[in-house]
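These are my notes from a first look through one model. I take the entries one topic at a time.

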Amino acid sequence: MRIGIVSDTHGRYKDFMIALEKMGDVDFILHLGDVLYHGPRNDLPGTYEPKKLAEKLKNMDNIVFVRGNCDSEVDEMVTDKNIHENFRIIDFGDIRIYATHGHRESEDERVAAAENKFCDYLITGHTHIKKDVRTDTLHILNPGSTTIPKDGSHSCAVIDDEGVHFYEW
């Protein structure tokens with residue numbers, strides 16, 4: 001099973017399409033929030049096309065979302081997707097994931113929540129910085145940002161039978 005992971009697309013269709021190309025054939029895509037709006041703290045991304053991205057997302061059947069701090073009810077309306085859950089626990093075969101945007105609680109609180117639900121992965125977005133850390137009980141992952149990276153490169157990730165793979169552009 002291949003699980004694609006994206007976060008912080010902030011309405012930029014072009015970077016989302018690049019992420020899809022980089023990830024290749026995936027069974028599911030997990031989007032960690034901040035889907036359409038760039039937010040008041042970020043500059044407007046070049047080629048900002050939230051309507052075009054919303055239409056693309058609306059027609060995808062293999063994508064699951066959690067709510068980011070820039071997401072709103074209108075995002076759900078235009079994508080026809082559930083984007084209002086602050087966190088989700090998702091079982092993908094033998095992998096149990098605790099997914100959240102990561103803006104509501106501390107990392108210690110997120111780790112405790114994931115461990116209490118017997119998750120294998122804690123996956124967050126929000127920081128726009130890639131992270132790949134293993135503890136004794138948990139794999140903590142942040143794919144970075146497809147659109148407004150704060151660590152030098154646009155990115156996404158894939159989890160498969162061989163582990164975690166980051167893709168940058």
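**Salt bridges.** I call it a salt bridge when a side-chain nitrogen of Lys or Arg lies within 4 Å of a carboxyl oxygen of Asp or Glu. The model I am searching is a predicted one. Side chains of opposite charge can pair when their charged atoms come close. How many salt bridges does the whole structure hold? My search of it finds 7.

I looked up K130 first. Its side chain meets that of E168 in a salt bridge, at 3.5 Å from N to O. K130 belongs to strand β7 and E168 to strand β10 (residues 163-168), so this pair ties together parts that lie 38 residues apart in sequence. For E168 I noted a relative accessibility of 43%, and therefore I list E168 as partly exposed. I also noted that K130 and E168 do not stand as an isolated pair: together with D151 they are linked in a network of salt bridges.

Next I checked E107 and K131. Their side chains form a salt bridge at 2.7 Å, N to O. This pair also links distant parts of the chain, since E107 sits in helix α4 and K131 in strand β7, 24 residues apart. Are these two buried or exposed? E107 is partly exposed, with a relative accessible area of 30%. K131 is partly exposed as well, at 29%.

The pair D15 and R12 came next. The closest N and O atoms of this salt bridge are 3.1 Å apart. D15 has a relative accessibility of 3%, so I count D15 as buried. R12, at 14%, is buried too.

**The open sheet.** In which order do the strands of the open sheet run? I read 5 strands in the order β4-β5-β6-β8-β7, and the pairing is mixed. The edges are β4 (87-92) and β7 (130-134); each has a single partner strand, so one side of each is left without a neighbour in the sheet. From one strand to the next, the twist averages 20°.

Strands of a sheet pair through backbone hydrogen bonds, either parallel or antiparallel. I looked at one pairing in detail. Strand β6 (residues 121-124) runs parallel to strand β8 (residues 139-143), and the two are joined over 3 bridges. Here Y121 stands opposite H139 of β8.

I then asked what packs on this sheet. Helix α4 (residues 107-116) does, touching β5 (95-100), β6, β7 and β8. The direction of helix α4 makes about 140° with that of β6. This is the helix that holds E107 of the salt bridge to K131 in β7.

**Helix α3.** I picked two residues of this helix and compared their surroundings. M77 is found in helix α3 (residues 73-79), and T79 has its place there too. Which of the terms buried and exposed fits M77? With 59% relative accessibility M77 is exposed, because the term exposed applies over 50%. T79 has a relative accessibility of 0% and is therefore buried, the limit for that term being under 20%.

What does T79 touch? Leaving out residues up to four places away in sequence, I found L36, A54, L57 and K58. M77, in turn, helps to form a nonpolar surface patch of about 260 Å², together with V74 and V78.

Note on methods. Residues numbered from 1 in each chain as written. Predicted model: local features only at pLDDT ≥ 70, side-chain atom pairs only at ≥ 80, totals over all residues. Heavy atoms only, no water. Patch = residues over 30% accessible without salt bridge, like charges linked within 9 Å, V, L, I, M, F, W, Y side chains within 5 Å. Areas by Shrake-Rupley, 256 points an atom, 1.4 Å probe, with all protein chains shown as cover. Helix = DSSP H or I, 4+ residues; strand = E, 2+ residues; numbered from the N terminus. Buried < 20%, exposed > 50% of the residue type's maximum accessible area, 1.4 Å probe, protein only. Pairing = 2+ DSSP bridges. Axes fitted to C-alpha atoms, helices over the stretch in contact; angles between N-to-C directions. Contact = heavy atoms within 4.5 Å.
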